[in-house]
Amino acid sequence: HILLADKLPPNSTLSHNAYRNSFYYDPNNRLLYLRRDRLENVGEFILVLVHTLERMSGGNIDLRDELSAARSR
C-alpha cells in the first residue's frame, strides 16, 4: 500500500538514499509513505515513486544505499 503523509519519521539509516526525506517504508505493515509535498510537482512525485518501487522490487527491500545498488547491476 502507498499512503500520503504530511510528516515522515527521520530516516537516519538512509543516509545514502537521494530521496530519504521523501518517503518512509514500514516493513512490518508493508506500507510505503510518500511525503504529500511531492504532489505539488507531478514529475517529482512520479520520480520518487518509481525510484522507490524499483528499489523494492524483487523482494530485496534495501533502500539504504544508492551506491551499492548501482554497483550490483
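This briefing covers model confidence, the nonpolar core and an aromatic pair. The structure is a predicted model, in which local features need pLDDT of at least 70, side-chain atom pairs count only at pLDDT 80 or more, and totals for chains, interfaces and linings use all residues. Residues are numbered from 1 along each chain as its sequence is written, and side-chain values use heavy atoms, with hydrogens and water left out.

**Confidence**
- The mean pLDDT (the predictor's confidence in each residue, from 0 to 100) of the protein is 78, and 77% of the residues score at least 70.
- Among the elements (DSSP runs numbered from the N terminus: helices, H or I, of at least four residues, and strands, E, of at least two), strand 1 (residues 2-5) has the highest mean pLDDT, 93, and helix 2 (residues 66-71) the lowest, 49.
- Where pLDDT is low, the predicted coordinates should not be read in detail.

**Nonpolar core**
- The largest nonpolar core (buried Ala, Val, Leu, Ile, Met, Phe, Trp, Tyr and Cys residues joined through side-chain atoms within 4.5 Å) has ten residues, including Leu14, Tyr19 and Met56.
- At least two residues of this core come from each of strand 2 (23-26), strand 3 (31-35) and helix 1 (42-56).
- Helix 1 gives the largest share, four residues.
- Beyond its neighbours within four places in sequence, Leu34 is in contact (heavy atoms within 4.5 Å) with residues including Ile2, Leu4, Phe23 and Val48.

**Aromatic pair**
- The structure has one aromatic pair (ring centres of Phe, Tyr or Trp, its six-membered ring, within 6.5 Å; planes under 30 degrees apart are stacked, over 60 edge-to-face, the rest tilted).
- Tyr24 and Tyr33 form this tilted pair, at 6.4 Å centre to centre and 40° between the planes.
- Tyr24 is partly exposed because its relative accessibility is 25% (buried is under 20%, exposed over 50%, partly exposed in between; 1.4 Å probe, protein chains only).
- Tyr33 is partly exposed, at 24%.
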